[in-house]
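Let's take a walk through this protein, one piece at a time. Have the sequence and the 3D view open as you read.

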Amino acid sequence: MSAEDPNPAATPTPCEDTQGDGRWMSLHNRFVSDSKDKEPDVLFVGDSLVQLMHQFGIWRQLFSPLHALNFGVGGDATQHVLWRLSNGELDNISPKVVVLWVGTNNHSQTAEQICEGIMAIVQVIKNKLPDARTLVLGVLPRGKSPNPLRGKNARVSRLVQEAVVSVPPPSFLMESPTPLSSNGSISHHDMYDYLHLTPQGYQAVCEPLHAHLKSMLDKPPEN
């Protein structure tokens, strides 16, 4: 890819319907419809790590009381979330905080491209919801043992952490509570397939996230 080519991670793109059942677009249309009937204080947006959170007790325990809405879609990369948010999912709601968790599915892009994609999403949120705060979650490690993808994900998180400083008022939270053993391996008790979180893994990530969200919701809006 030359310097003149568009960055695929930062180019709004609907997900290809490879299976032919139209599920992705159906979910998007449902989210657009849901947004017309709901008044969330917190909106979660992202990939399967967001989507699956809704199926565990941790969602009902910690996030339902915060009036949270879940717009997670399994398999989404940054370009897919960018397309969804640019095409109606933010048009009828006014959350106080948007939680963005995406990037682990951008297998074919560099860390720099993925960071650019995440920041493009942050900019869309800022443009459409100027009064909302955006909380960007770092990309989790993946794979049982250390591997190149883990290194790329860690670099994405570092780059995003640096980039959000220049776009107030987003903040950034690293999900470091995901435990790594002394040799760098991940336990299946925390990530059952070494990518998605178990209830125990979600507990470790979501408790500090909930505390952070509470402090953001309690803080007066910045002028």
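What follows goes from two helices to the open and closed spaces, and then to three single residues. Bear in mind that this is a predicted model.

Start with helix α4, which runs over residues 78–86. Eight of its nine residues are buried, so this helix is largely enclosed by the rest of the structure. The buried ones are Thr78, Gln79, His80, Val81, Leu82, Trp83, Arg84 and Leu85. What does the covering? Among the elements packed over those residues are the helices α1 (23–37) and α5, along with the strands β1 (42–46), β2 (68–72) and β3 (97–101). Just past the end of α4 you'll come to Gly88, which has a positive phi of about 110 degrees.

Now move along to helix α6, residues 148–163. Here's a quick sanity check you can do yourself: with 16 residues at 1.5 Å a residue, α6 should span 22 Å, and its end C-alpha atoms sit 23 Å apart, which agrees. At the N-terminal end, Asn147 acts as the cap, with a side-chain oxygen 3.0 Å from the backbone nitrogen of Leu149. The buried residues of α6 are Arg150, Lys152, Asn153, Val156, Ser157, Leu159, Val160 and Ala163. Their cover includes α5 (111–128) as well as the strands β4 (133–137) and β5 (171–173).

Next, the spaces. The largest pocket holds about 270 Å³. Its lining is made up of 15 residues, and those nearest the centre are Cys15, Gln19, Arg23, Trp24 and Gly74. Which element gives the most to this lining? That would be α1, with four residues. Sorted by class, the pocket lining comes out as five nonpolar, six polar and four charged residues.

There is also one cavity of 30 Å³ or more, and the largest cavity has a volume of about 40 Å³. Around it you'll find Val122, Lys126, Leu129, Pro130, Ala132, Thr134, Pro169 and Pro170. Six of these lining residues are nonpolar, one is polar and one is charged.

Finally, zoom in on three single residues. Asp47 sits in the loop between β1 and α2 (48–53). Is Asp47 buried or exposed? Its relative accessible area is 1%, and buried means under 20%, so Asp47 counts as buried. Look at who surrounds it: setting aside neighbours within four places in sequence, Asp47 is in contact with Gly72, Val73, Gly74, Asp76, Trp101, Val102, Gly103, Thr104 and Asn105. Take Val102 from that list: Asp47 and Val102 are 55 residues apart in sequence, yet their C-alpha atoms are 5.7 Å apart in space. Gly74, another of those contacts, is also one of the residues nearest the centre of the largest pocket.

Arg133 belongs to strand β4, and with a relative accessible area of 9% it is buried too. What does its side chain reach? The partner is the backbone oxygen of Met216, at 3.1 Å.

The last stop is His196, in the loop between β5 and α7 (199–218). This histidine is buried, with a relative accessible area of 14%. Leaving out neighbours within four places in sequence, His196 is in contact with Ser48, Leu49, Leu52, Asp190 and Met191.

Notes:
Residues numbered from 1 in each chain as written. Predicted model: local features only at pLDDT ≥ 70, side-chain atom pairs only at ≥ 80, totals over all residues. Heavy atoms only, no water. Helix = DSSP H or I, 4+ residues; strand = E, 2+ residues; numbered from the N terminus. Expected span 1.5 Å × (residues − 1). Buried < 20%, exposed > 50% of the residue type's maximum accessible area, 1.4 Å probe, protein only. Contact = heavy atoms within 4.5 Å. Polar contact = N/O pair within 3.5 Å; in protein donor to acceptor, adjacent residues only side chain to side chain. 1 Å grid on protein atoms, 1.4 Å probe; cavity = no way out; pocket = protein on both sides within 12 Å on 5 of 7 lines; lining within 4 Å. Points joined across faces, edges and corners; volume = space filled by probe spheres on them. Nonpolar A, V, L, I, M, F, W, Y, C, P; charged D, E, K, R; others polar.
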